[in-house]
Amino acid sequence: SQEINKRNYYLKNSFNIKLTDNTGNEKSNLNSTDVLSTFNRRDFLLNEIITFKKVVSRNKTIESGAVVDFEQKNETLVVNPPVFEDLFNSNFQNSKTAQGVRVTRFNAGAFAEYQFATGKMEWKLNQTANYQHFQFKSGLELQPTTTNLEFPFKSDFEFDKTTSITELKSNVLLGKTRISWSLASEFISLQMNEKAETNLNLNKNYLFLQPRLNIKHTFNSKWIAGTSYSLKNSISDFRNLIPPLILSSFNTLVQNPFFVNKTQAHSITPYLNFDDVLSSFYLNLNCGWDQTKSDVTFDSEVNSDGFITNKVILRPNTFLTYRFGTTIRKSFLGSLNANLSYNFRYTENELFFNNEFLISLNKSHNIDFEISWDEGTWFGAVYKANAFLSTSFLPRNEVENKALFQTATLDFYTSEETRISLGTEAATATTSRATKADTNVLFNAQFFYKPSKKLFLSAGLLNLFDTKVFTTTNSLANIVNVYQFSLRPRQFTLGLNYSF
């Protein structure tokens, strides 16, 4: 990257190249059968960003920039023994289900912003233009059976999106009240073409208005109150418009409808802040109302074989959220620091289950607590806890989740150059449908040595008591998820860092 920073103008150029290659496997159990999933992901990314800023006069500034991205992803997923065999109508003995995907993406965008002031009002006029091109190729098959793949098992999908956004922002200070607002006009042009299925072609244009408003009143140096409102319109992104069958995991098959979904999201957030720097006390109270309207209803179903299929039903859906939160921070004598936050969330939406539409309600309480002690002597300590309680309601069904996550760290400063750190992590989770709670505890120990500003050495013993698995359970509405992860065995690590 290069940067030029002068009195009246600023220029920065950044160029990046990134290569990644990840290979791995996952062993799962489905219907009392061990299933092995092997994956490989290769990614090449090239990125160029240019930013320019020019000061025209005291109250006038021009800022502009451009970005160009090129990315190519290649992914393979092989599942053994085969899954979703009934979709292929194969009469042969097959050993695995395999999928290959290649995604090529090109993105080019530019923006220009003009800042100026008229009287007490400050203005910003922003123009943004962006072009995106995706090419998606995939093949889903049973092996070793060789067949001539057709849609939806085979895909050659092209996606082009052009976006133009013109936005005007302004803010004015009226006494102790600052009012900020913006209005954006967004034009989107979409072209989609599935070469493997000639009937899947689409060309559409959209025009949206996106307003935002924020009002903040400062009572004095400690108290501030305000509220904000926003309206955001959006359409389906590339990931939700890919038309072929996609094997996203060993037991999940997804196929998007060739349909562009429009969503409209309203959000209102009032808040109140108290900040006393001298007494090191901070208080925040906030609440909110969010409403998201969608043209469709999304449906996930589990069939009799335990496989998950995601579907879209052409029926409007509204997702409502009511929320409340508070945060309290306090320091004592500069050594003891405490932080407590509480958040309540109530959601309501319609879902499709067992061939009927149901109203789903969810209430959740989330508490975060952190306390630390460090007075610059021979030891320091940090304790963090997160408590979560949620209840989901459906007609004829109610389920409750409880979870408590805790971490504790104790540091001993044995000298100016050395430090010993002991840490533990504990997690407990259960649902009202579970017969017992899942409890997991891990212990770690580390030693740090820094003999100079340039040299840093470390040694650690992780998973001290060699815990084998980590298990947790949670649920939402009509779905209960049980996760069990195999942990790395007890391990000893060494680290060396030298800076020139």
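Here are some short exercises on the structure above, each with a worked solution.

Before you start, note that this is a predicted model, in which local features need pLDDT of at least 70, side-chain atom pairs count only at pLDDT 80 or more, and totals for chains, interfaces and linings use all residues. Residues are numbered from 1 along each chain as its sequence is written, and side-chain values use heavy atoms, with hydrogens and water left out.

**Exercise 1. Get an overview of the chain.**

Task: Find out how many helices and strands the chain has, and what percentage of its residues is buried.

Solution:
- Step 1: Start with the secondary structure. There are zero helices and 27 strands. Here, helices (H or I, at least four residues) and strands (E, at least two) are DSSP runs, numbered from the N terminus.
- Step 2: Check the extent. The C-alpha trace spans about 75 × 60 × 60 Å along its principal axes.
- Step 3: Look at burial. Of the 500 residues, 32% are buried. Buried means under 20% relative accessible area, exposed means over 50%, and partly exposed is in between (1.4 Å probe, protein chains only).
- Step 4: Now the contacts (heavy atoms within 4.5 Å). If you take those between residues at least 6 apart in sequence, 58% join residues at least 24 apart.

**Exercise 2. Count the charges.**

Task: How many positive and negative side chains are there, and how many salt bridges turn up?

Solution:
- Step 1: Count the side chains. You get 51 positive and 46 negative ones. Lys and Arg count as positive, Asp and Glu as negative, while His and the chain ends are left uncounted.
- Step 2: Compare where the two sets sit. Their centres lie 8 Å apart, with each charge placed at NZ of Lys, CZ of Arg, CG of Asp or CD of Glu.
- Step 3: Search for pairs. Side chains of opposite charge can pair when their charged atoms come close. The whole structure holds 12 salt bridges, each being a side-chain nitrogen of Lys or Arg within 4 Å of a carboxyl oxygen of Asp or Glu.

**Exercise 3. Trace three salt bridges.**

Task: Which parts of the chain are tied together by the pairs aspartate 69 and arginine 105, lysine 222 and aspartate 276, and aspartate 295 and lysine 262?

Solution:
- Step 1: Aspartate 69 and arginine 105 meet at 3.8 Å, N to O. Aspartate 69 belongs to strand 4 (residues 60-80) and arginine 105 to strand 5 (residues 96-118), so this bridge ties together parts 36 residues apart in sequence. Both aspartate 69 and arginine 105 are buried.
- Step 2: Lysine 222 and aspartate 276 meet at 3.3 Å, N to O. Lysine 222 sits in the loop between strand 9 (201-218) and strand 10 (223-235), and aspartate 276 in strand 13 (residues 262-276), so the parts tied together are 54 residues apart in sequence. Lysine 222 is partly exposed at 33%, whereas aspartate 276 is buried at 12% relative accessibility.
- Step 3: Aspartate 295 and lysine 262 meet at 3.3 Å, N to O. Aspartate 295 is in the loop between strand 14 (281-294) and strand 15 (297-302), with lysine 262 in strand 13, so the pair links parts 33 residues apart in sequence. Aspartate 295 is partly exposed at 29% relative accessibility, and lysine 262 is partly exposed at 34%.
- Step 4: Look for shared partners. Asp69, Glu71 and Arg105 are joined into one network.

**Exercise 4. Spot the unusual backbone.**

Task: Where are proline 81, proline 144, phenylalanine 84 and serine 280 found?

Solution:
- Step 1: Recall the background. Most residues other than glycine have a negative phi, and most peptide bonds are trans.
- Step 2: Find the cis bonds. One joins asparagine 80 and proline 81, with omega about 5 degrees; proline 81 is in the loop between strand 4 and strand 5. Another joins glutamine 143 and proline 144, with omega about 10 degrees; proline 144 is in the loop between strand 6 (121-143) and strand 7 (154-174).
- Step 3: Find the positive phi values. Phenylalanine 84 has a phi of about 55 degrees, lies in the loop between strand 4 and strand 5, and is buried at 6% relative accessibility. Serine 280 has a phi near 55 degrees, is in the loop between strand 13 and strand 14, and is partly exposed at 32%.

**Exercise 5. Follow the pairing of strand 17.**

Task: Which way do strand 14 and strand 17 run, and how many bridges join strand 17 to strand 18?

Solution:
- Step 1: Strand 14 and strand 17 (residues 317-332) run antiparallel, joined by 14 bridges. Strands pair if DSSP finds at least two bridges between them. Tyrosine 282 stands opposite arginine 329 in strand 17.
- Step 2: Strand 17 and strand 18 (residues 336-353) are antiparallel too, with 13 bridges. Phenylalanine 324 stands opposite phenylalanine 344 in strand 18.
- Step 3: Strand 17 and strand 18 form a hairpin with three residues between them, and leucine 333 in the turn has a positive phi of about 60 degrees.
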